[in-house]
Amino acid sequence: MDGELGARYQAATCNILTRQDRYSLKTFRSSALGVPGALWWDWPGDQIGRGLSVLHVASASGWAPDEARRKEILDVVLPLQGATGSFGPPKPDPTNVQFISGNAMALRGLLDAYEDDRDPRALAAARRLARYFEAAFDYYKDRGAQGSVNEYYGHCLDGLVCLHQLGGDTWALDLAERIGARAGRTHHSHSSLSMYRGMMGLHNLTGNDDYLRRTLDYLDWVRSVGSVTGGMPEVMPEYREDEGCALADYVIVNLKVFAATGRDEFLDEAENTLVNHFSMNQFHTGGFGHRAFAQQVIGGKDWQGWGGKFGSENPGCCSFWGQWALGNVSSYIATRLADTIEINLYPTAEIEFPELGARIGIRSDFPRMRHTSFAVSINRDQQLDFSFRVPRWADGATVALNGVDISPRRVDRRMILRREWRSGDQLEVSFSSPLRLVRWPKADSPTAAVFDGPLCLALSNADANVDAAWGVGVTAEGKLALDPSGQPVLTGEKGAAGIRLRPLRDDWSSPDVSNPHRLRVLFNTRVA
Ligand SMILES: [Zn+2]
């Protein structure tokens with residue numbers, strides 16, 4: 001990835017991996033023992049797992065010192081693994097969900113480390129830890145909402161699925177299936193979405209549609225209480241703040257559902273969160289955290305840990321998981337289905353399909369995505385379908401091949417182009433989308449957000465009193481009214497004429513982590 005998405009990913013990566021002071025080996029030791037010293041030392045194993053998973057993503061994008069770093073982390077933490085297989089105090093309190101959740105992160109991280117270097121110590125440690133989860137199943141199996149499996153326990157699912165895939169442990173798959181059959185509408189959005197990420201892995205492995213059905217039900221619930229910006233509360237169904245980790249996993253779960261079903265509405269959903277709420281949640285440090293959550297005004301100051309030392313960033317958890325998700329997004333930009341290359345997302349990136357001998361260079365103005373160009377290089381002439389997603393926010397699309405406008409076949413919201421591709425072929429794809437209203441929370445609500453293509457626009461408290469009764473003008477037909485300069489007509493306070501709405505996501509360049517902006521995203525609609 002390059003361009004703006006690549007810059008965000010690199011910022012998030014450096015925020016973790018160049019801060020050896022913040023994430024020293026001593027802090028990994030305290031995470032392993034569950035004693036003070038790491039940011040979230042009282043969630044034992046959590047920093048170990050997230051740290052190894054961040055390194056796994058960084059390895060894939062060519063972070064050279066990853067192997068040495070992984071080895072020194074494992075050298076420190078593995079000798080501290082307890083007799084029960086878990087990290088933390090020697091006699092763990094079985095009722096402590098922080099304990100179980102931190103260790104679930106460790107399980108996944110150890111398997112990521114094993115996948116990277118095939119260090120047998122990492123696999124052996126993951127096996128011992130997974131046995132700890134097997135022993136805890138009976139306690140947690142019905143301690144989630146409405147008697148479902150507890151989500152802080154249930155998010156060990158993705159690690160169990162990895163253990164089966166990498167270690168061939170059929171008992172781990174059996175445990176994963178027992179957990180998956182009990183997943184429900186649990187309250188903590190990050191743990192739950194992590195669990196459903198594991199559920200999609202389980203669905204891919206087994207083909208059992210019950211796992212997909214449960215995942216779709218959870219995503220439905222999130223959408224029904226979420227904001228127009230693609231955000232959701234840290235605790236479902238209602239809470240005063242968001243969490244970067246939950247946003248990160250929401251993006252990835254939606255991408256995984258697309259990959260399993262081919263249904264583009266899940267790409268639309270992932271993209272909306274990616275370019276709006278998740279991007280707003282990223283700070284200029286590169287890290288992620290917590291910002292106030294509500295339907296109308298989002299983004300303000302709420303929880304700040306460690307005496308406010310890091311402002312609203314949560315470098316103990318969200319900054320790790322934001323990096324992890326940004327890196328994982330790259331796997332879904334273009335995907336392959338038989339001899340079809342599906343173009344799903346439009347950031348600047350280089351994509352290789354080694355088995356096809358094909359490489360696609362994408363350049364775009366992501367995240368606004370008016371124009372994207374594709375440079376194809378291919379080492380043998382072959383017939384391939386290119387299938388371009390037309391996003392739901394676009395009301396028109398045009399395609400030019402080597403400078404000549406063409407009309408690809410349309411199938412639903414895809415444009416499909418079959419051709420014997422040659423190196424040097426150039427494609428230009430343009431999407432049109434005027435400034436528009438998105439009524440929210442319902443399609444006939446009197447309140448609405450203003451979108452510019454995929455981007456939600458916001459009124460910042462840097463520019464105006466966001467608590468005033470702001471409205472936007474609409475035409476008699478219910479469309480967004482524009483003033484002579486092409487801007488929305490804002491009403492609410494004297495002098496509103498000079499105030500501009502800006503993309504919500506631009507707030508990441510605001511340098512005050514301690515007092516993040518409050519951002520109005522819903523407006524009353526008034527016939528202008
Ligand atoms: Zn978090």
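Analyst: A residue is called buried when its relative accessible area is under 20%, and exposed when that area is over 50%. The structure discussed here is a predicted model.

User: What makes strand β15 largely enclosed by the rest of the structure?

Analyst: Strand β15 covers residues 455-460, and 6 of its 6 residues are buried, so the strand counts as largely enclosed by the rest of the structure. Both of its faces are covered, with L455, L457 and L459 buried on one side and C456, A458 and S460 buried on the other.

User: How do you know that β15 is paired with β14, and what joins the two?

Analyst: Pairing requires at least two bridges between the strands. Strand β14, residues 447-452, has 2 bridges to β15 and runs antiparallel to it, so the requirement is met. One bridge partner of β14's D452 is L455 in β15. The two strands form a hairpin with 2 residues between them, and in that turn G453 has a positive phi of about 60°.

User: Which strand holds the bridge partner of L457, and which holds that of L459?

Analyst: The partner of L457 is P503 in β18, a strand of residues 502-503 that is joined to β15 by 2 bridges in the antiparallel sense. The partner of L459 is R520 in β19, a strand of residues 519-520 that likewise pairs antiparallel with β15 over 2 bridges.

User: Why is the site of the zinc ion called tetrahedral?

Analyst: The zinc ion is coordinated by E243 through OE and by C245, C317 and C318 through SG, at 2.1 to 2.3 Å. The angles among these 4 donor atoms are 105 to 118°, and four donors count as tetrahedral if all angles lie between 85 and 135 degrees, so the name applies. Along the chain, the donors follow the spacing E-x1-C-x71-C-C.

User: What makes C317 count as buried?

Analyst: C317 has a relative accessibility of 8%, and therefore counts as buried, the limit being 20%. C318, another donor to the zinc ion, is buried as well.

User: How do you know that C162 is in no disulfide?

Analyst: The structure holds 0 disulfides. For C162, the nearest cysteine sulfur is that of C156, at 12 Å, whereas a disulfide needs two cysteine sulfur atoms within 2.5 Å. C162 is itself buried, with a relative accessible area of 12%.

User: Why is D425 called buried, although it is placed in a loop?

Analyst: D425 lies in the loop between β11 (414-421) and β12 (426-432), yet its relative accessibility is 5%, so it counts as buried. Leaving aside neighbours within four places in sequence, its contacts are F374, A375, V376, N402, R419 and E420.

User: What makes the link between D425 and R419 a polar contact?

Analyst: Their side chains are joined at 3.0 Å, which is within the 3.5 Å that a polar contact allows. A polar atom of the D425 side chain also lies 2.9 Å from the backbone nitrogen of R422.

User: Is A60 buried or exposed?

Analyst: A60, in helix α3 (residues 46-60), has 72% relative accessibility and therefore counts as exposed. A60 and N328 are 268 residues apart in sequence and 9.8 Å apart in space, C-alpha to C-alpha.

How values were computed
Residues numbered from 1 in each chain as written. Predicted model: local features only at pLDDT ≥ 70, side-chain atom pairs only at ≥ 80, totals over all residues. Heavy atoms only, no water. Donors = N, O, S within 2.8 Å, 3.2 Å for Na, K, Ca; no water. Tetrahedral: all angles 85-135°; square planar, octahedral: opposite > 155°, others 65-115°. Buried < 20%, exposed > 50% of the residue type's maximum accessible area, 1.4 Å probe, protein only. Helix = DSSP H or I, 4+ residues; strand = E, 2+ residues; numbered from the N terminus. Polar contact = N/O pair within 3.5 Å; in protein donor to acceptor, adjacent residues only side chain to side chain. Contact = heavy atoms within 4.5 Å.
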